[in-house]
Every structure is written in structure tokens, then in C-alpha cells.
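This report covers a strand hairpin, a helix with its surroundings, and the enclosed and open spaces of one protein model. The sequence and structure come first.

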Amino acid sequence: TEASLKRQSDQVLKIPQSNFNKLREFIRERLSENSNDVTLKTLSDIVGGLFEISLKSTLIRYFPMVEDLTKRLGKQVDFKVLGTDFTIDKEGQYLIQDSLTHVIRNALDHGIETVEERQLNGKNGRGTLQVVLSVENAVRKIEVIDDGRGINPMLVKKHAIEKKIISETEADHLTDVELIDLVFLPYLSCR
């Protein structure tokens, strides 16, 4: 829940990053001089781990965004973060932040229907949007799952061509799965 994620993020020791950067650089220099030093390698791994943060605890920032957007869109959505937490370094967090925001917004904008549309289709009026974290064979996975209408590959194709992201000829050779993958490209919106 949002409250438990908030409690986890409050359990953080704050130390100036410049101190860690100096330590990291010091260890790198020593390792370059003596790459066989097991103690230095272990210390390097430990210090590197200090820069990692819980991904679940960083996902709390999405709760207000989802709440605000669903109100503006006139939709009702239960947002959940589930699965096995894992750590990620700040650089990794910055790399996925924009993509994750884009995918969550797309699910709310285009995937999950209004209460009325859902009820007309025999669904519960409240939609569900989940971010599911998992680790499989040392591969960290982040899945965004909603119970909305799904992605129409022909609509994605139409908008990708209109926005000159791909040519009509290129689009004609893509499978439905490849067309759906285009939603991960920047600047492609089907609105």
C-alpha cells in the first residue's frame, strides 16, 4: 500500500553523495593499481550497493499522479505496486522513470475505460492498474498491467505513420506485437 511504501522510504540514512563519490573514486584508483585485491573488490561492491535504492519505495511518487489523472479523466482506478522489491541505482532509476511514467499514463489515458464504458462491457466500474516487480534468473522485470480495453495495433500504426515515426511501407511489414511496441517510443500518442 502507499502508506507502507512511504514508511519504507522514511527509513533512509542521508549522507552527502560527494562523500560517497570520493570513496568510490578512491576505491577505483586502488583497484586499477591492484586488480587482484579481494578486499578492495568486496569494498567496491559494498559501496556500489550503497547507491542503490528500493524500487518500490521510489514508486510512491506515482500514487498522486495516478489519483490526479484519474480524477481529470473521470475514471476510477485502483493502483497497486506488487511483487518482489529489488534495488536499482540512481542512474537506472532516472533511465526508467520517464518510460514508466509514459506507460502508466498511457494505461490511464487509453487503456482503462470510463466507469460507464466498463459497466456497458460487463466490467466492474473501477479499473485496476498494477506495477508488478519481479526477478527471474537475475533479470529484473517491471510490468505494468491494467484491466482495460487493450491496445489497438491498427490505431498505433495510424498514429505512428501520421507522426512520421515510421513510413507506411515499414508499418505494413510489422506484426501486431511490433506495432504495439511502438507505444514505447517517445512522442507517440494515440490521442
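In this predicted model, Glu136 has Val139 of β5 as its bridge partner. The two residues belong to a hairpin formed by β4 and β5, with two residues between the strands. Asn137 sits in that turn and has a positive phi of about 50°. Strand β4 covers residues 127-136 and strand β5 residues 139-146; they pair in the antiparallel sense over eight bridges. In a regular strand, side chains alternate between the two faces of the sheet.

**Helix α8**

Helix α8 spans residues 153-162. At its N-terminal end, Asn152 acts as a cap, with a side-chain oxygen 2.9 Å from the backbone nitrogen of Met154. Just after the helix, Lys164 adopts a positive phi of about 60°.

Within α8, the buried residues are Pro153, Val156, Lys157, His159 and Ala160. An α-helix has 3.6 residues a turn, so residues three or four places apart point the same way. The cover over the buried residues of α8 includes α9 (168-172) and α10 (176-181).

**Cavity and pocket**

There is one cavity of 30 Å³ or more. The largest cavity holds about 40 Å³ of space. Its lining is made up of Leu55, Thr58, Leu59, Arg61, Tyr62, Gln93, Ile96, Gln97 and Leu100. Two elements, α4 (55-58) and α6 (90-111), each give two or more residues to this lining, and α6 gives the most, with four.

The second largest pocket has a volume of about 480 Å³. It is lined by 20 residues, of which Asn106, Ala107, Gly150, Ile151 and Val183 are the closest to its centre. Elements giving two or more residues to the lining of this pocket are α6, β5, α8 and α10. The pocket lining therefore draws on β5 of the hairpin and on α8, as well as on α10. Helix α6 supplies the largest share, five residues.

The table sets out the lining of each space by residue class.

| Space | Nonpolar | Polar | Charged |
|---|---|---|---|
| Largest cavity | five residues | three residues | one residue |
| Second largest pocket | eleven residues | six residues | three residues |

Which element gives the most to the lining of the largest cavity? That element is α6, with four residues. In the second largest pocket, the largest share of the lining also comes from α6.

How values were computed: Residues numbered from 1 in each chain as written. Predicted model: local features only at pLDDT ≥ 70, side-chain atom pairs only at ≥ 80, totals over all residues. Heavy atoms only, no water. 1 Å grid on protein atoms, 1.4 Å probe; cavity = no way out; pocket = protein on both sides within 12 Å on 5 of 7 lines; lining within 4 Å. Points joined across faces, edges and corners; volume = space filled by probe spheres on them. Nonpolar A, V, L, I, M, F, W, Y, C, P; charged D, E, K, R; others polar. Buried < 20%, exposed > 50% of the residue type's maximum accessible area, 1.4 Å probe, protein only. Contact = heavy atoms within 4.5 Å. Polar contact = N/O pair within 3.5 Å; in protein donor to acceptor, adjacent residues only side chain to side chain. Pairing = 2+ DSSP bridges.
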